[in-house]
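Take a guided look at the structure below. Keep the sequence at hand as you read.

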Amino acid sequence: MRLRDKYDGGDDPFEGDRTIVWRSLPANALVTKATVTVEPVPPPGAGTYTETLRFGPNGAAFGATIQEAATDIVEVNFHARRTATGWAGLTGINPQTLGVDVGGGVFLAVGKDGTVPAPQGSNYNFSGGVLPGIGAQRLRLANATLPNDHSSVTVDIVSMPSNLTLRFGKLPPFWSKTGELGVAATTPDITNAIQRAIGDATVTNGFYAIPLVVHSDTLGRLAITLDVEYLGTAPLVARGLPEVLLSYDFASVTTTDPSALRATLPARAAPVSPQTALQIRGAFDPSRVAYGPTGTTTESTTIHCSANETLAQPVLPPADVNVSSFDLYVAADGPAARIALDLHADFDGKPAQTSLLAKAVPFDLTGDASGQRHWTNVPLATAVQLKTGIRYWVIVEALDGAAFLGVDTPPASDRILQRSTDSGFSWRAAGLSSPLLLRLRTVPARFQMPIDFVAGTGAQAQRASLSAYDALGDCRSGSLLCGADGHTILSGSRIVAKFGLHSVDGHGDGVDRSRANTRHHPAIAWPIRHVL
């Protein structure tokens, strides 16, 4: 986004500091480039930089005072160095002569040609309302009378802004220019100065209120233009929360409310990188999912496993894999159950009688009235190697009690689930077109990233793999730092968009903590999911 704000100071003469509150930068902005242009402007309707000092009760004299120093002598004290070029409102008799104090508190007579001091017998006559334009702190006008009502008395001076400085609030100046400002001047990029100012700025109605302090040693008028390029940011953590605690089991998404990490972006926003970042801390098990569904679990139905119902699920590994454990989406049918998992080879499209394991692996389940299934990990005592493209069968049988196993949603004609009612002596199709929710896990020989990024849900979900960092043994690229010891840290905490988007995928037996700034920009919500 590009933002241009202009302050027209043609009606606002000043000297010293002038504070202008900048209120157009959105509170979710990430400034990428910014400059300030300052330009001198004359008073409205004037072609020259002439300011008129007025001495009436409602006049703008800018510190100047006027008085009768003696009979028929009027003294103007500017209390600063001014260049006077004209006057009005005084009365007197000719010849009217002029003295100036150019410094040191001593008046010097001005010659008729404007020289100081005046040559013998040559005096400047100011009766025509014109002054010679000599830089002075005080003027002494002889043979002049000051009326009782000063409102008609004026003195014209030529003045332009000079020795300018610009700063935000109480911060040091970020730009300065010595001498008079005769033409427009533009600062270098002041992005860093704006970022520092944002830290102290208040937010009103979704916009920063940033005080810009302009200083000029002399009286003048300025037009100030701010040109800013910025990106919009959206926090992933709710306002007021410094961090979010994300708990994980063997599901590849957090068991915490999925709305805990949610970015809200304007419609048609285009997320950009590398400004987008998220900080994650947590411990991950060394195993990785080598086969099976990850992400949000989509269960189409369930199938029962009991003493009279043994299940066999075929698996076809897409690559050679050393299986260290299995994950099943399962729950006890009742308060508790004891189930056994086995692995068999294929024999003419049915499970072979010989097990590939030393023995079936028993595991215990619990259940409740809701019957909600969970991902349960079944570790093997010794890893078993499966070959690419060869069919294997995962056998699930009930030793005590019964269980309900979740069935995946997408159909798979090459992995039709089978069931036996005679403890595995014969097998028949279970009548389902989709396989069990089943995963194979492996412990890789070298480090593999335990996380992916997923943003959005359903057809709009966008997933970004971090496997490019596997060869490093850890990740040290931009905002990402992931150690091979299973601890993951991602620094930063926002989504940046044009007006990118990343999410965190993770599995672990520990906890992830996401840290984020808390500012809100209403529009489209992007849920952030954590997937292994």
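The paragraphs below go from the whole chain to single residues.

This is a predicted model, in which local features need pLDDT of at least 70, side-chain atom pairs count only at pLDDT 80 or more, and totals for chains, interfaces and linings use all residues. Residues are numbered from 1 along each chain as its sequence is written, and side-chain values use heavy atoms, with hydrogens and water left out.

Start with the whole chain. It holds 1 helix and 44 strands. Both kinds of element are DSSP runs, numbered from the N terminus: helices are H or I with at least four residues, strands are E with at least two. The chain has 532 residues, and 47% of them count as buried. Buried means under 20% relative accessible area, exposed means over 50%, and partly exposed lies in between, with a 1.4 Å probe and protein chains only. About 24900 Å² of the chain is exposed, and carbon and sulfur atoms supply 51% of that area. Accessible areas come from the Shrake-Rupley method with a 1.4 Å probe; for residues, only the protein chains shown count as cover.

Now go inside. The largest nonpolar core has 35 residues. Such a core is a set of buried Ala, Val, Leu, Ile, Met, Phe, Trp, Tyr and Cys residues joined through side-chain atoms within 4.5 Å. Phe-326 and Leu-405 have the most contacts inside this largest core. Strand 27 gives the core its largest share, 6 residues. Another core lies apart from it, with 33 residues, among them Trp-22, Ala-27, Trp-175 and Val-214.

Which residues make up strand 27? The strand covers residues 321-332, and 11 of its 12 residues are buried, so it is largely enclosed by the rest of the structure. Look at its partners next. Two strands pair if DSSP finds at least two bridges between them. Strand 31 (residues 374-386) runs antiparallel to strand 27, with 9 bridges between them. Here Ser-325 has Pro-379 as its bridge partner. Strand 36 (residues 438-442) also pairs with strand 27 in the antiparallel sense, over 4 bridges. One bridge there links Leu-328 with Leu-438. Strand 33 (residues 403-408) is antiparallel to strand 27 too, joined by 3 bridges. Ala-332 has Ala-403 as its partner in strand 33.

Follow Phe-326 outward. Leaving aside neighbours within four places in sequence, its contacts include Leu-341, Leu-343, Thr-376, Val-394 and Leu-440. Contact means heavy atoms within 4.5 Å. Take Thr-376 from that list. Thr-376 sits in strand 31 and counts as buried at 19% relative accessibility. With residues up to four places away in sequence not counted, Thr-376 touches Phe-326, Asp-327, Leu-328, Val-330, Phe-363 and Leu-365.

Turn to helix 1, residues 191-200. Which of its residues are buried? They are Thr-191, Ala-193, Ile-194, Ala-197 and Ile-198. Seen down the helix axis, the buried residues fall within an arc of 155°, so they line one face of helix 1. That arc is taken from the directions from the helix axis to the C-beta atoms. Asn-192, Arg-196, Gly-199 and Asp-200 are exposed on the other side. The buried residues of helix 1 pack against strand 2 (14-22), strand 3 (29-40), strand 13 (162-168) and strand 17 (207-220).

Next comes Ser-420. This residue lies in strand 34 (residues 418-420). Is Ser-420 buried or exposed? Ser-420 is buried, with a relative accessible area of 1%. Its side chain makes a polar contact of 2.6 Å with the side chain of Asp-422. A polar contact is a pair of N or O atoms within 3.5 Å; within protein, one must be able to donate a hydrogen and the other to accept it, and residues adjacent in sequence count only if both atoms are side-chain atoms. A polar atom of the Ser-420 side chain also lies 2.8 Å from the backbone oxygen of Ser-426.

Finish with two loop residues. Pro-95 lies in the loop between strand 7 (91-92) and strand 8 (98-101). Pro-95 is partly exposed, at 49% relative accessible area. Val-237 is in the loop between strand 18 (222-235) and strand 19 (243-247). Val-237 counts as buried, at 3% relative accessibility. The C-alpha atoms of Val-237 and Ala-260 are separated by 6.7 Å, with the two residues 23 residues apart along the chain.
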